[in-house]
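Trainee: I would like to take one part of this structure and look at it closely, rather than survey the whole. Could you walk me through a single helix, together with whatever is packed around it?

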Amino acid sequence: MIRRAMVQSTWIFVLLGIALLAGYDFVMNADRTIDFGRLMGLYIAIFFVVSQAISLVLFGERPSVAVLAGGALIVAGW
């Protein structure tokens, strides 16, 4: 959302991006029994996959082989 706001110079997308990030943070940290290290690893893996999908669908940007290889290691947990 924030990137879209920067491309289109629209503040509503900035506000939506902030709201989504704050909501996600609240949900992820509401349960204190979850191990923070595992939570962070899961967050990074999901962030990578979703951001690459959004980049491809919304902006038409294809990731390089190096990005895909590094992302595969991230998702695999290495």
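**A close look at helix α3**

Mentor: Let us start where the helix stops: α3 is followed by Gly-60, whose phi is positive, near 70 degrees. Bear in mind throughout that this is a predicted model, and that the values below are computed from it.

Helix α3 itself covers residues 36–59, and its 24 residues should span 34 Å at 1.5 Å a residue; the C-alpha atoms at its ends lie 32 Å apart, which agrees with that expectation.

Turning to burial, the residues of α3 that count as buried are Leu-39, Ala-45, Phe-48 and Ser-55, and what covers them includes α1 (2–8), α2 (11–30) and α4 (65–76).

The aromatic side chains deserve a separate look, since a search of the whole structure finds two aromatic pairs. In one of them, the rings of Tyr-24 and Tyr-43 have centres 5.3 Å apart and planes at 35 degrees, so this pair is classed as tilted. The pair links distant parts of the chain, with Tyr-24 in helix α2 and Tyr-43 in helix α3, 19 residues apart. Tyr-24 counts as partly exposed because its relative accessibility is 31%, and Tyr-43, at 27%, likewise counts as partly exposed. In the other pair, the ring centres of Tyr-43 and Phe-47 are 5.9 Å apart and the planes stand at 25 degrees, so the pair is stacked. Tyr-43 and Phe-47 are four residues apart in helix α3, and therefore about one helical turn separates them. In general, an α-helix has 3.6 residues a turn, so residues three or four places apart point the same way. Taken together, the ring pairs link Tyr-24, Tyr-43 and Phe-47 into a cluster.

Phe-47 also leads us to the largest pocket, which has a volume of about 720 Å³. Of the 18 residues that line this pocket, those closest to its centre are Met-1, Phe-47, Val-50, Ser-51 and Ile-54. Helices α1, α2 and α3 each supply at least two residues of the lining, but the largest share, ten residues, comes from α3. Sorted by class, the lining of the largest pocket holds twelve nonpolar, four polar and two charged residues.

For helix α3, then, the picture joins three threads: the buried residues, including Leu-39 and Phe-48, the ring cluster that contains Tyr-43 and Phe-47, and the ten residues that α3 gives to the lining of the largest pocket.

Conventions: Residues numbered from 1 in each chain as written. Predicted model: local features only at pLDDT ≥ 70, side-chain atom pairs only at ≥ 80, totals over all residues. Heavy atoms only, no water. Expected span 1.5 Å × (residues − 1). Buried < 20%, exposed > 50% of the residue type's maximum accessible area, 1.4 Å probe, protein only. Contact = heavy atoms within 4.5 Å. Phe/Tyr/Trp six-rings, centres within 6.5 Å; stacked < 30°, edge-to-face > 60°. 1 Å grid on protein atoms, 1.4 Å probe; cavity = no way out; pocket = protein on both sides within 12 Å on 5 of 7 lines; lining within 4 Å. Points joined across faces, edges and corners; volume = space filled by probe spheres on them. Nonpolar A, V, L, I, M, F, W, Y, C, P; charged D, E, K, R; others polar.
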